[in-house]
Amino acid sequence: MTLASDRVLAALFLFLLLPVASLAADPAPERARELVRMVRQDCGSCHGLTLNGGLGPPLLPDTLRDKPAESLRYTVLLGRPGTPMPPWNAFMTEAEADWIVRQLMAGFPEETR
Ligand code: HEC
């Protein structure tokens, strides 16, 4: 194997590791407050102001428990084509979507100011 292809492999390996590492980080407190507000206001307009369902299904720990967090994260980021669930990847990173899903599964925090 040549040195160049070793480098390509090493770069690819790092690239594949990166999303795993970046998912682990929680947002800074200020950004967390913004995300909580976004979920309560924007997501709440479809999923109910208490997230117990409306046009969209409930986003409560009981209803999400048996669903894989990863697929919920992709639903948030990419939406569900053919349904009213829109994609949110223009408004948040993958790590932030992961954080939101973890909060939803644990019981979503109230807005603070
Ligand atoms: C315009 C309405 C609308 C908005 C706004 C909206 N959703 Fe949805 N969402 C839906 C609908 C409808 C579904 C169900 C799609 C289907 O039929 O599979 C859904 C599905 C979901 C699911 C999958 C639930 C499950 O049980 O599988 C998650 C998670 C979710 N939304 C999170 C969010 C989050 C987080 C936001 C805000 C960042 C948001 N949604 C904003 C309409 C909306």
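Let us start with the ligand. In this predicted model, 22 residues surround the ligand, and those that come nearest are Cys43, Cys46, Gly56, Thr83 and Met85. Two elements each give two or more residues to this shell, namely helix H2, residues 29-47, and helix H4, residues 69-78. Of the contributors, H2 gives the most, with seven residues. As to chemical character, the shell around the ligand comprises 14 nonpolar residues, five polar ones and three charged ones.

I turn now to the protein as a whole. Its secondary structure consists of five helices and zero strands. Read from the N terminus, the order of elements is therefore simply α-α-α-α-α. The chain has 113 residues, and 13% of them are buried. If we take the contacts in the protein with a separation of 6 or more, 53% are between residues 24 or more positions apart.

With that background, I would like to return to helix H2, which we have already met at the ligand. Where does H2 bend? The bend is at Val39, and it amounts to about 25°. Val39 also appears among the buried residues of this helix, together with Cys43 and His47. You will recall Cys43 from the opening, as one of the residues that come nearest to the ligand. The buried residues of H2 are covered by elements that include helix H5, residues 94-106. Directly after the helix comes Gly48, and the phi of Gly48 is positive, near 95°.

My last topic is a residue on the covering helix. Ile100 has its place in helix H5. Is Ile100 buried or exposed? Ile100 counts as buried because 24 other C-beta atoms lie within 10 Å, and the cut-off for a buried residue is 20 or more. Which residues does Ile100 touch, leaving aside those up to four places away in sequence? They are Leu35, Val39 and Val76. Val39 is thus named twice in this account: H2 bends there, and Ile100 touches Val39. One further pair deserves a mention. Ile100 and Pro27 are 73 residues apart along the chain, and their C-alpha atoms are separated by 10.0 Å.

To close, I would ask you to keep two points in view on the structure. The first concerns the ligand: H2 gives seven residues to the shell around it, and Cys43 and Cys46 are among the residues that come nearest. The second concerns the interior: H2 has buried residues at Val39, Cys43 and His47, and helix H5 is included in what covers them. Thank you for your attention.

Technical notes
Residues are numbered from 1 along each chain as its sequence is written. This is a predicted model: local features need pLDDT of at least 70, side-chain atom pairs count only at pLDDT 80 or more; totals for chains, interfaces and linings use all residues. A residue is near a molecule or strand if its C-beta atom, placed from the backbone, lies within 6 Å of it. Helices (H or I, at least four residues) and strands (E, at least two) are DSSP runs, numbered from the N terminus. Ala, Val, Leu, Ile, Met, Phe, Trp, Tyr, Cys and Pro count as nonpolar, Asp, Glu, Lys and Arg as charged, and the others, Gly among them, as polar. A residue is buried if 20 or more other C-beta atoms lie within 10 Å of its own, exposed if 12 or fewer, and partly exposed in between; C-beta atoms are placed from the backbone. Two residues are in contact if their C-beta atoms, placed from the backbone, lie within 7 Å. The bend at a residue is the angle between axes fitted to the seven residues ending there and the seven starting there.
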